[in-house]
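Here is a short note for a colleague opening this structure for the first time. The points can be read with the model in view.

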Amino acid sequence: NATSNASEELGRGEKSDKREQAVDPSEDHFSVLLAGVDDSSKRGFSANGGYKGVRSDALILATFNREDKSVKMVSLPRDSKVEIPGHRNTDRIAHAHSYGGMDLTVETVEDLFDVPVDYYVKLNFDAFLEIIDALGGVEINVEKEITEQNSKDEAGAIHLEPGVQELSPEEALAYARTRKLDSDIYRGDRQKQLVEAIIKKSASMESIPKYGTVIDTVGDNMATNFTFGNILALFKYAKSIDTIENLKLEGTDDTSTGAYYYQLDESSVDEISEQLKSHLELPGYNYDPN
Ligand code: C30
């Protein structure tokens, strides 16, 4: 059925190699890796043609602490220079997906921060449009005027003026994709804004909107190792979340090899790693929000 299309366990199984036991998102603190991919046919991929050659253009790691009712989010710029297990020493983080799908992407992020990635949600443009449609739009404070292509890559089809507003599915996708007006780093900030807006909108819904329809439609365009039961529990959990904090992974532009990389600042990686470990209350860590 359609639900099983979206349900995809990782090769490692339910439990991260960095956990003693698998975590239950309705009881434990947990982490989720959100990945946005462009696997559309215009780029030479079929919607369900696997991962080969498909880069992850958006990558956000989020941790959830139940007691504190908080979420922390960090964006991983797609050109971040990292070690990809089993591949040449350093490469762009977005390439992990094109070499080894979500299995390798999860492993790469776990190695970078030394934290478990318990769950993942991967989606393409179509699934993103469906989700925003089911939520009836999302509220965003647009900071700069934006003229952007739509999902069909029609130039200038989307125009946004600055200010707080409800974005339609097409507008939200353009907002997630736009980067030429500033950079991929700012684009990462806008994506975190969208995730926050999605969580807030979900929390405000009386009932899960058109849930069966969404799952049916997104089936082939989304993959996750959350179970159906997990997702229902997450909708309830969304209502209890008090604070959503954005963490900034610092780095510098590196063009020394002729190609562009985002050279991560080692102390920033270490600091974020410590913050996430503490937020997840991994063995030996306590979380004190103050
Ligand atoms: C799990 C719980 C409890 C809560 C989480 C909340 C949930 C469930 C959220 C669900 C939704 C999720 C998972 C969101 C996370 C990530 C987001 C925000 C994804 C949204 C978008 C998406 C599906 C994919 C990413 C799309 C991106 C960032 C880029 C792809 C430029 C080329 C060469 C030109 C091209 C030009 C532009 C816009 N394009 O878009 O167009 O391929 O971007 O930078 O590669 O391309 O450069 O010069 O050809 O026209 O300028 P793109 P590009």
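**Notes on the predicted model**

1. The model is predicted. A local detail comes first: Glu281, just after helix 8, takes a positive phi of about 50 degrees. Helix 8 itself covers residues 266-279, 14 residues in total. From its first C-alpha to its last it reaches 20 Å, close to the 20 Å expected at 1.5 Å a residue.

2. Which residues of helix 8 are buried? They are Ser268, Val269, Ile272, Ser273, Leu276, Lys277, Ser278 and His279. The cover over these buried residues includes strand 2 (56-65), strand 3 (70-75) and helix 2 (95-113), along with strand 12 (243-247) and strand 14 (261-264).

3. The main sheet is open and has six strands, in the order 11-6-1-2-3-12, with mixed pairing. Strand 11 (222-224) and strand 12 are its edge strands, each pairing on one side only. From one strand to the next, the twist averages 15 degrees.

4. At one end of that order, strand 3 and strand 12 pair in the parallel sense, over five bridges. Ser70 has Thr243 in strand 12 as its bridge partner. Helix 3 (residues 125-134) packs on the sheet and touches strand 1 (30-37), strand 6 (119-123) and strand 11. The direction of helix 3 makes about 100 degrees with that of strand 6. Helix 5 (residues 184-204) also packs on the sheet, where it touches strand 1, strand 2, strand 3 and strand 12. Its direction makes about 155 degrees with that of strand 3.

5. Helix 5 also meets helix 4 (residues 169-177): the two axes come within 7 Å and cross at roughly 145 degrees. On the helix 4 side the residues are Ala172, Tyr175, Ala176 and Arg177, and they meet Arg187, Arg190, Gln191, Gln193 and Leu194 of helix 5. By class, this contact has four nonpolar, two polar and three charged residues.

6. The largest nonpolar core has 45 residues, and Phe30 and Val138 have the most contacts inside it. Apart from that core lies another, of 29 residues, including Leu33, Val82, Tyr262 and Leu282. What does Val138 contact, leaving aside its neighbours within four places in sequence? The list is Ile132, Gln165, Glu166, Leu167, Ala172, Leu194, Ala197, Ile198 and Lys201. Of these, Ala172 and Leu194 also take part in the contact of helix 4 with helix 5.

7. Strand 13 (residues 251-254) and strand 14 run antiparallel and are joined by four bridges. Asp254 has Tyr261 in strand 14 as its bridge partner. The two strands form a hairpin with six residues between them, and Gly258 in the turn has a positive phi of about 95 degrees.

8. Two loop residues remain. Asp79 is in the loop between strand 3 and strand 4 (81-82). Is Asp79 buried or exposed? Its relative accessible area is 14%, so Asp79 is buried. Leaving aside neighbours within four places in sequence, Asp79 is in contact with Arg92, Asp184, Tyr260, Tyr261 and Tyr262.

9. Ser183 sits in the loop between helix 4 and helix 5. With a relative accessible area of 23%, Ser183 is partly exposed. Ser183 and Pro77 are 106 residues apart along the chain, and their C-alpha atoms are separated by 9.9 Å.

Definitions and conventions: Residues numbered from 1 in each chain as written. Predicted model: local features only at pLDDT ≥ 70, side-chain atom pairs only at ≥ 80, totals over all residues. Heavy atoms only, no water. Expected span 1.5 Å × (residues − 1). Buried < 20%, exposed > 50% of the residue type's maximum accessible area, 1.4 Å probe, protein only. Contact = heavy atoms within 4.5 Å. Core = buried A, V, L, I, M, F, W, Y, C linked by side-chain atoms within 4.5 Å. Pairing = 2+ DSSP bridges. Axes fitted to C-alpha atoms, helices over the stretch in contact; angles between N-to-C directions. Nonpolar A, V, L, I, M, F, W, Y, C, P; charged D, E, K, R; others polar.
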